[in-house]
Amino acid sequence: MNRIFVTCAAMVLALPVFAADMITYDTDESFDDVVFGLESAILDAGLVIDSVSHTGEMLERTRADLGSDVVLFQNADVFSFCSAKISREVMEDDPMNIVFCPYDIFVMVRPDTPDVTTIGFRTYPDGAMKKVEALLDGIARNAVGLD
């Protein structure tokens, strides 16, 4: 009985959440495990990580200087990368799709839910950019073991 509850709870955590202009997945995996999974999923897709923004560290480091006592994240990183193939496809469709490149996936843990790690990305407009959204969804799902 307890095992069934744990399995069901894990499945609920892994359901996608469609918030305003983003798709997220929650998991009980640690921040470090999700980051490792994300790095692996990006590399396994044949892509290169351009940069990692340690957003959580920056916000915490500057919190007192900005007069805030609010801790936003226990951990929060944003991974930026691109796909030459998909980027070329979407920009051949509309060169103004350059505004969406590079693509980002974030991983975060909030202080109010320390046992939940969230991975997510922004949604994209209908049309060619849905190819990018599908790519990011596959990578995010792979990172938390949903694919």
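## A guided tour, starting at Thr118

Start by selecting Thr118, which sits in strand β6, the stretch covering residues 117–122. The model on your screen is a predicted one, and Thr118 makes a good way into it. Is Thr118 buried or exposed? With a relative accessible area of 10%, Thr118 is buried, since the cut-off for that label is under 20%.

Keep Thr118 selected and show the residues around it. Leaving out anything up to four places away in sequence, Thr118 touches Thr24, Tyr25 and Asp26, and also Phe106, Val107 and Met108. Now zoom in on the side chains: which residue shares a polar contact with the side chain of Thr118? It is Asp26, whose side chain is joined to that of Thr118 by a polar contact of 2.6 Å.

### Along strand β2

Next, select residues 22–27, which form strand β2, and pick out Thr27. Thr27 has a relative accessible area of 9%, so this residue is buried too. Turn on the backbone atoms of Glu29 here: the side chain of Thr27 reaches the backbone nitrogen of Glu29 at 3.2 Å.

Now move to Met22, also placed in strand β2. Met22 has a relative accessible area of 29%, so it counts as partly exposed. Add Thr123 to the selection and draw a distance between the two C-alpha atoms. Met22 and Thr123 are 101 residues apart along the chain, yet their C-alpha atoms are separated by 4.9 Å.

### Stepping back to the whole chain

Clear the selection and colour by secondary structure. How many helices and strands does the protein chain have? There are five helices and six strands. Following the sequence, they come in the order α-β-β-α-β-α-β-α-β-β-α.

Pairs such as Met22 and Thr123 have plenty of company. Among the contacts in the protein chain with a separation of 6 or more, 65% are between residues 24 or more positions apart. Switch to a surface view for a moment: the accessible surface comes to about 8800 Å², with 58% of it belonging to carbon and sulfur atoms. Of the 147 residues in the chain, 32% count as buried.

### Where α4 meets α5

Select helix α4, residues 84–93, together with helix α5, residues 130–143. Rotate until you can see both axes: they come within 9 Å and cross at roughly 155 degrees. Angles over 145 degrees count as roughly antiparallel, so that is how α4 and α5 run relative to each other.

Show side chains where the two helices meet. On the α4 side the contact is made by Ile86, Glu89 and Val90, and on the α5 side by Lys131, Val132 and Leu135. Sorted by class, this contact has four nonpolar residues, two charged ones and no polar ones.

Val90, in helix α4, deserves a selection of its own. How much of Val90 is accessible? The relative accessible area is 0%, so Val90 is buried. Setting aside neighbours within four places in sequence, Val90 is in contact with Asn97, Tyr103, Ala128, Met129 and Val132. One of these, Ala128, is worth a distance label: its C-alpha atom is separated from that of Val90 by 5.3 Å, with their positions 38 residues apart along the chain.

### A cis peptide bond

From α4, follow the chain into the loop that leads to β5 (103–109), where you will find Pro102. Display the backbone here and look at the bond between Cys101 and Pro102. This is a cis peptide bond, with omega at about 0 degrees.

### Last stop: Asp147

Finish with Asp147, in the segment after α5. Here the accessibility goes the other way from Thr118: Asp147 has a relative accessibility of 59%, so it counts as exposed. Not counting residues up to four places away in sequence, Asp147 touches Gly138, Arg141 and Asn142.

Which of these side chains makes a polar contact with the side chain of Asp147? Select Arg141, and you will find the contact at 3.3 Å. As a last label, join the C-alpha atoms of Asp147 and Asp137: the two residues are ten apart in sequence and 10.0 Å apart in space.

Key:
Residues numbered from 1 in each chain as written. Predicted model: local features only at pLDDT ≥ 70, side-chain atom pairs only at ≥ 80, totals over all residues. Heavy atoms only, no water. Helix = DSSP H or I, 4+ residues; strand = E, 2+ residues; numbered from the N terminus. Buried < 20%, exposed > 50% of the residue type's maximum accessible area, 1.4 Å probe, protein only. Contact = heavy atoms within 4.5 Å. Areas by Shrake-Rupley, 256 points an atom, 1.4 Å probe, with all protein chains shown as cover. Polar contact = N/O pair within 3.5 Å; in protein donor to acceptor, adjacent residues only side chain to side chain. Axes fitted to C-alpha atoms, helices over the stretch in contact; angles between N-to-C directions. Parallel < 35°, antiparallel > 145°, perpendicular 65-115°, else oblique. Nonpolar A, V, L, I, M, F, W, Y, C, P; charged D, E, K, R; others polar.
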